[in-house]
Amino acid sequence: LQTSLELLRSGMVDLIVDTTPAENHSPNLVLSKPLLKTEYFLFAHPSIKPLDAIDDAGGLIVGIRRSEQNESALGAPIPNERLRLFKNSEGLFSAALESRIKVFISDEITLFHFLSRNRLSNIFSYRKHKPVFEKVFRAAALRKNLALIDSVNRGLSAIDRSEREKLRNKW
């Protein structure tokens with residue numbers, strides 16, 4: 001995110017995608033309507049029962065992809081000694097498939113894309129209706145580019161709910 005913000009401020013780009021909650025955002029930026037909402041779930045290895053909440057993981061190590069947004073969205077429900085941060089999603093999923101971790105947090109799209117790309121079936125259980133947290137993606141621009149955000153918002157408003165669902169499923 002910091003690199004994207006630097007590119008925006010330097011004028012090298014006019015628009016970035018951001019997940020920072022609107023209330024925590026820089027007053028120099030304007031945000032679009034939500035582009036996409038992504039829910040993150042607690043996935044469990046088949047050797048353990050499906051988990052309803054992080055607290056159900058007991059003393060198990062919980063894996064998550066390292067990112068400022070993931071760590072801040074997670075808050076502090078997992079003690080640091082039980083949290084394993086991974087450089088990327090591929091490393092996270094590989095560790096889970098190899099049973100080096102039994103529980104991990106991810107969004108469905110990233111996990112299912114990884115599994116599909118590697119021609120693997122999903123073996124992990126999760127509670128579809130119990131996300132651990134969610135991220136809302138929005139376009140962000142410098143305040144002086146308000147017209148650009150207005151254009152993005154008009155485009156988003158032109159996409160009806162069923163078309164938006166088709167786009168999400170295509171991802």
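Colleague: What makes the span of helix 5 agree with its 12 residues?

Modeller: In this predicted model, helix 5 covers residues 146–157. At 1.5 Å a residue, its 12 residues should span 16 Å. The end C-alpha atoms lie 16 Å apart, so the span agrees.

Colleague: Which residues of helix 5 are called buried, and what earns the word?

Modeller: Ile149, Val152, Asn153 and Leu156 are the buried ones. Buried means under 20% relative accessible area, so each of these four falls below that cut-off.

Colleague: How do you know that the buried residues line one face of helix 5?

Modeller: Look down the helix axis. The buried residues fall within an arc of 100°, so they line one face of helix 5. On the other side, Ala147 and Arg154 are exposed. Exposed means over 50% relative accessible area, so both residues pass that mark.

Colleague: What space does the largest pocket hold, and which residues are closest to its centre?

Modeller: The largest pocket holds about 560 Å³. Its lining has 18 residues, and Leu35, Leu36, Lys37, Arg164 and Arg168 are the closest to the centre. Strand 2 (29–44), strand 6 (133–142) and helix 6 (161–170) each give two or more residues to the lining.

Colleague: How does that lining divide by class?

Modeller: The lining has 10 nonpolar and 8 charged residues, with no polar ones.

Colleague: Where is confidence lowest, and where is it highest?

Modeller: Helix 2 (residues 68–74) is lowest, at a mean pLDDT of 64. Helix 3 (residues 89–97) is highest, at 96. The protein averages 86, and 88% of the residues score at least 70.

How values were computed:
Residues numbered from 1 in each chain as written. Predicted model: local features only at pLDDT ≥ 70, side-chain atom pairs only at ≥ 80, totals over all residues. Heavy atoms only, no water. 1 Å grid on protein atoms, 1.4 Å probe; cavity = no way out; pocket = protein on both sides within 12 Å on 5 of 7 lines; lining within 4 Å. Points joined across faces, edges and corners; volume = space filled by probe spheres on them. Nonpolar A, V, L, I, M, F, W, Y, C, P; charged D, E, K, R; others polar. pLDDT = per-residue confidence, 0-100. Expected span 1.5 Å × (residues − 1). Buried < 20%, exposed > 50% of the residue type's maximum accessible area, 1.4 Å probe, protein only. Arc of directions from axis to C-beta.
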